[in-house]
Amino acid sequence: MNIVVKDVHSLSPFEKASVRTGTQTIPVQVVDWISVIEAPVESFVRKNEYILTTGVSFAHDENLFMTFVKDVIDSGAAALAFALGPFIDQIPKSIITYASERDFILVELDWSIRFSDIIESVYELLQQSKHQYVEKVETIRKALLELILTRQPLEKVANHVAQSIDCEVMIADKRGSIRGKSFSNESNLHEKWCEFLHAQLSEEGINQIVNQTFKWIPYDQGYGLQLAIHSAGNIQGYLVIGGFSENPLTPQEQHEWEMLLEHVTTTVAIHFLHEQAAKEAEWRLRDDFVWELSRGSFDSIESLLSRSKSLNYQINLPYLCLVASLEHMEDVYKRLPHLVISFDHWQHECIRYVEEEAESVAKSLALKSMVTYQQQELIIYLETNHPDTVSQAKVYIEKLQKRVSFLYPSICITWGIAKQNGYSCFFEGYQEANRAREIGKKRFGPGCISSYADTKVDRVLEHLLKNEDLLDISDSVLDSLLHYQKSRQIDLLHTFTSYHQNRGNVSQTARELNLHRQSLLYRLRKIETLTNCSLDNSDDLFLLDMSIRLWLYRLETSKK
């Protein structure tokens, strides 16, 4: 808590003091200390220091007088008081004019007032101010601790802090969700802070480097201050305080704010830790329930309904199963060397945030959801209320991935979408979604979205690949062709595939491959010769197409 010149001038030694200039700044000019100084000034005056002087070293020369005053003003002093007496009988007009132009406070004191009395009075005032500040901080700390111990919501914490410091206050969790705020509807601090956090998450993600530096956010009513709420080197959320002016804080002011806000951030961090512990217990129960759903482990419908009701799940709705895998988690962790938590701790926290986002996105779409993470798989049962369930699921996935990418920019997610949806098809839906994810990852690599309905051909090919006789036939059909295209650098497989997709239309295929018609016909005859299959024979065409599909599928999956 700062004192200003007005507070200093209210002391008894200043009863007969006369202010000559700078009267407008008296109510706002901060005073950090008081001292006596004579010329030269050099570096002996610090910012916001109230200066007392007799003028003994410069009163005889107006130029020296002016130099002394200029140096004091340039040093950032709070005010300059002259003791009128043997050395200075009055302040020169040129000095008064200059000080007025700089809006600096000049004061005339009676010679009979001892500087030691003034210094003692100001020192006592400073000590009293510091004592009041410490008492205020302690009062706030006790009140906040009481709020946390009695499990009060963060809305009450924000209101109490706002009333105590007379500022706008906002508390948010790690994901940027507002948990408590206290400011007028006219303020756009919330909007501007969201933009600020959006940019911060886009650049750094949720695992930012923890530091206690203030971050400033300009908004219509002034400047907001953001401070990270953290524990064990891990960010838990954010505290945002509004109502600051554009003038930077002095080191003393910043220290006082840090001291005060440290109690607030510690209190809120305790709240988040308590909340996380309660959530963890609830998550474990929900995890077990959803995992049992996916395994088809319930013995009776009565047991299923009873468990779902206790967990507030509406099991009698149509659901579609989605299965996802978070890829390369260890590589992502290694790219965050500033983290002080272990990989297992970080991964667990990351998974919990993704699960929370999965539920949050479903709520934003007015859909129910059931979520768990088991055996490296994120399993989501999403309510469906649209005929095109796959399109609805892809909209959901797009929104979820967009949100996760802000929190964890480096995480890649591979998705599988079931075909079956509706009532009580939890086990079948999980099997289909997981199969779609495995096939998609094998064929297209990590980060793809595959639906079970689109994997028919892949599933057929995978079954065919298990037949050794069929593989031998396929290899014998393609052996000569593969050797020829490798030695001649001509992609005959692609030529056939394009020809077959165009239903034997030579002109269309030639245009697609950018070949002359005769060149294409030469290639097609070469394919017939090398494979001993006629393109006019439906059985040969089927055998050749199946052999090429099997070979290409094996090649694609081996690369992935």
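In which sense do strand 2 and strand 7 pair, and over how many bridges? Strand 2 and strand 7 (residues 106-110) are antiparallel, with three bridges. The model is predicted: local features need pLDDT of at least 70, side-chain atom pairs count only at pLDDT 80 or more, and totals for chains, interfaces and linings use all residues. Residues are numbered from 1 along each chain as its sequence is written, and side-chain values use heavy atoms, without hydrogens and water.

**View 1. An open sheet of five strands.** The strand order is 2-7-6-5-4 and the pairing is mixed. Strands (E, at least two residues) and helices (H or I, at least four) are DSSP runs numbered from the N terminus; two strands pair if DSSP finds at least two bridges between them. Strand 2 (18-21) and strand 4 (33-36) are the edges, each pairing on one side only. From one strand to the next the twist averages 25°. S18 stands opposite E108 of strand 7.

**View 2. Helix 3 (residues 93-101) across strand 2 and strand 7.** Helix 3 runs at about 75° to strand 2. Axes are lines fitted to C-alpha atoms, for helices over the stretch in contact (heavy atoms within 4.5 Å), and angles run from 0 to 180 degrees between N-to-C directions.

**View 3. The peptide bond between A39 and P40.** This bond is cis, with omega about 0°. P40 lies in the loop between strand 4 and strand 5.

**View 4. Q375 in the loop between strand 14 (369-374) and strand 15 (377-383).** Q375, not a glycine, has a positive phi near 50°. Its relative accessible area is 60%, so Q375 is exposed (buried is under 20%, exposed over 50%, partly exposed in between; 1.4 Å probe, protein chains only).
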